[in-house]
Amino acid sequence: NGITGKLDYLKELGIDVIWLSPVYKSPNDDNGYDISDYRKIMKEFGSMEDFDRLLAEAHVRNIRIIMDLVVNHTSDEHAWFVESRKSRENPYRDFYIWKEGKDGKEPNNWGSWFGGSAWQYDETTDMYYLHIFSKKQPDLNWDNEALKTEFEQIVQFWLDLGVDGFRLDAVKEFYSGADDKNIAVLTWFNDMVKSKKEDAYLVGEAWNDYNVYAKYYQSGMDSFFDFTFADKDGIIADTVKGINGASAYGKSLVNTQELYVSYSDTYIDAPFYTNHDMARSAGYYSGDYSEAQTKLGNAMNLLMSGSAFLYYGEELGMKGSGKDENKRAPMYWSTDADAMGMCNGPKDMDDIKMKYGSLEEQENDGNSIYNFVKQTIALRNEYPVIARGKVAFDEGISDDTVCVIRKTCDEGQLTLVFNTSEKAQTVDFRKSALGATEDRKYPLQIAGELLTGTEAAVLDEEQLTIPAYSVVVLE
């Protein structure tokens, strides 16, 4: 109900899809990623009737809902696993991965993401079960056809309710270290879902190097999160901090684009800047220009082609780092803890002093991070070529401080100029490497500008002066 009550806020911000982290029934020992029943709602979130209302109210506003579907593991409290551990002959036994020990020890020395062995001894049947994550999250066995049938029915259940798609968690761990097998599972899942709802949107989490997760596009899945650009040491943050020159951003956009299309000509990139597993971006920058850098980093994410994701609170420059609980602090609507929409954070969260103001403080400040992000999304929504365009990097007029890219698709063509330095820069389009061809679109006019200071951009014939830490869109 809290989310439903904030749908108008999201609509005004320009959001058209919401990805919900797991809201299924769960003992909630791991932020809902330990699911005990895929067809029920966690009591902390309310009831199925509350979910139906959220879905209906979102659709009225043309906002779609995608569910976070965890198919790598379940909670050890799920009925499948409760049955599985009863005996070696139980029909649910093969829903999970069981092995004999070796010389009184676990089957092999695989490590868990949570530390220690990935095998847990179960004395009832004198065998070990696999858990790549917590021991309370036993891994599912994707060699089992009966398991696939169960998930087909689960997918049908949510699609029948009106859900618009799914985010698949930890897709590279179905068969850890075996990309081809993971891709085969995703191919089956994609085909199964699209046969039921052709326009369902599917995005996968394959936390790895882009040369690895690019291969996963062979599955036919719409999107995979673009980890290369995200996090405190990703391409965006390193470019804004000056560790990389500005040109590195443009080159990376083209390189990843060429790599992804080599695996799928229907891929939709899924850029993101931070998520619930990462420190928030306001903490990436310090010094006199930290607010401007926080704004610019958000713009560099939201102006990428594909389906750009924004982690709640980034539009306010929220802080949060260290343990997971800190990264999942409650949305900073107000400094008043009793204000509408305010809620408690995770129980082990530290007391976090936010660097920038609450929404209440920022929304009427035209120079706030909130209004900068809102303007960025509005620009993205106004020009479909920003999301859909093929990127060309203009190396002739880009350097360590300025990155110039051109985006082209059926809806038109735009040029985007990024200044990642603390000083105004001048770009001479007469030197453009892209302008030498017959489709030359210069001179241009300013379609939009995203400024982090008080100076405006100036276009004098074919020379653009762009202020520090700003973006100018030309058409």
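Helices of at least four residues and strands of at least two are DSSP runs, numbered from the N terminus. The model used in these exercises is predicted.

**Exercise 1. The second largest pocket**

Find which helices and strands each supply at least two residues of the lining of the second largest pocket, and describe that lining.

Solution.
- Step 1. Start with the space: the second largest pocket holds about 340 Å³.
- Step 2. Look at the wall. There are 18 lining residues, and those nearest the centre of the pocket are Gln257, Tyr267, Ser305, Gly389 and Lys390.
- Step 3. Assign the wall to elements. Helix 8 (246–261), helix 13 (384–388) and strand 11 (390–393) each supply at least two lining residues. The most comes from helix 8, with 5 residues.
- Step 4. Sort the lining by class: 8 residues are nonpolar, 6 are polar and 4 are charged.

**Exercise 2. Two aromatic pairs**

State how the rings of Phe81 and Trp98 are arranged, and do likewise for Tyr249 and Phe418.

Solution.
- Step 1. A pair of aromatic rings is described by the distance of the centres and the angle of the planes. The count of aromatic pairs in the model comes to 43.
- Step 2. For Phe81 and Trp98, the centres are 5.8 Å apart and the planes differ by 5°. Planes under 30 degrees apart count as stacked, so Phe81 and Trp98 form a stacked pair.
- Step 3. Place the two residues in the chain. Phe81 belongs to helix 3 (residues 79–84) and Trp98 to strand 5 (residues 98–99), 17 residues apart, and the pair links distant parts of the chain.
- Step 4. Check the accessible area. Buried means under 20% relative accessible area. Phe81, at 0%, is therefore buried, and Trp98, at 11%, is buried too.
- Step 5. For Tyr249 and Phe418, the centres are 5.2 Å apart and the planes stand at 75°. An angle over 60 degrees counts as edge-to-face, so this pair is edge-to-face.
- Step 6. Tyr249 is in helix 8 and Phe418 in strand 13 (residues 412–419), 169 residues apart; this pair also links distant parts of the chain. Both Tyr249 and Phe418 are buried.

**Exercise 3. The neighbours of strand 13**

Which strands pair with strand 13 in the antiparallel sense, among them strand 12 and strand 18, and over how many bridges?

Solution.
- Step 1. Strand 12 (residues 402–409) pairs with strand 13 over 8 bridges, antiparallel. Within this pairing, Leu416 of strand 13 is the bridge partner of Ile405.
- Step 2. The link from strand 12 to strand 13 is a hairpin through 2 residues.
- Step 3. Strand 18 (residues 470–474) runs antiparallel to strand 13, joined by 5 bridges. Here Thr415 stands opposite Leu474 of strand 18.
- Step 4. Check how covered the strand is: 6 of the 8 residues of strand 13 are buried, so it is mostly covered.

**Exercise 4. The two faces of strand 17**

Sort the residues of strand 17 (residues 463–466) into a covered and an uncovered face, then find bridge partners for the covered residues.

Solution.
- Step 1. In a regular strand the side chains alternate between the two faces of the sheet.
- Step 2. In strand 17, Leu464 and Ile466 make up the covered face, while Gln463 and Thr465 make up the uncovered one.
- Step 3. Strand 14 (residues 425–428) is joined to strand 17 by 4 bridges, antiparallel. Gln425 stands opposite Ile466.
- Step 4. Strand 16 (residues 458–460) is joined to strand 17 by 3 bridges, also antiparallel. Leu459 stands opposite Leu464.
- Step 5. Strand 16 and strand 17 form a hairpin with 2 residues between the strands, where Glu461 takes a positive phi near 55°.

**Exercise 5. An open sheet**

Which strands stand at the edges of the open sheet of 3 strands?

Solution.
- Step 1. The order of this sheet is 5-7-6, and its pairing is antiparallel.
- Step 2. Strand 5 and strand 6 (119–122) each have a single partner strand, so they stand at the edges and one side of each has no neighbour in the sheet.
- Step 3. Take one pairing in detail: strand 6 and strand 7 (residues 127–130) run antiparallel and are joined by 4 bridges. The bridge partner of Asp122 in strand 7 is Met127.

Notes: Residues are numbered from 1 along each chain as its sequence is written. This is a predicted model: local features need pLDDT of at least 70, side-chain atom pairs count only at pLDDT 80 or more; totals for chains, interfaces and linings use all residues. Side-chain values use heavy atoms; hydrogens and water are left out. On a 1 Å grid over the protein atoms alone, a cavity is a set of points where a 1.4 Å probe fits but cannot get out, and a pocket is an open set with protein on both sides within 12 Å along at least five of seven lines; lining residues have an atom within 4 Å of a point. Grid points are joined across faces, edges and corners, and a volume is the space filled by probe spheres set on the points. Ala, Val, Leu, Ile, Met, Phe, Trp, Tyr, Cys and Pro count as nonpolar, Asp, Glu, Lys and Arg as charged, and the others, Gly among them, as polar. Buried means under 20% relative accessible area, exposed over 50%, partly exposed in between (1.4 Å probe, protein chains only). Two strands pair if DSSP finds at least two bridges between them. Rings of Phe, Tyr and Trp (its six-membered ring) pair if their centres lie within 6.5 Å; planes under 30 degrees apart count as stacked, over 60 as edge-to-face and the rest as tilted.
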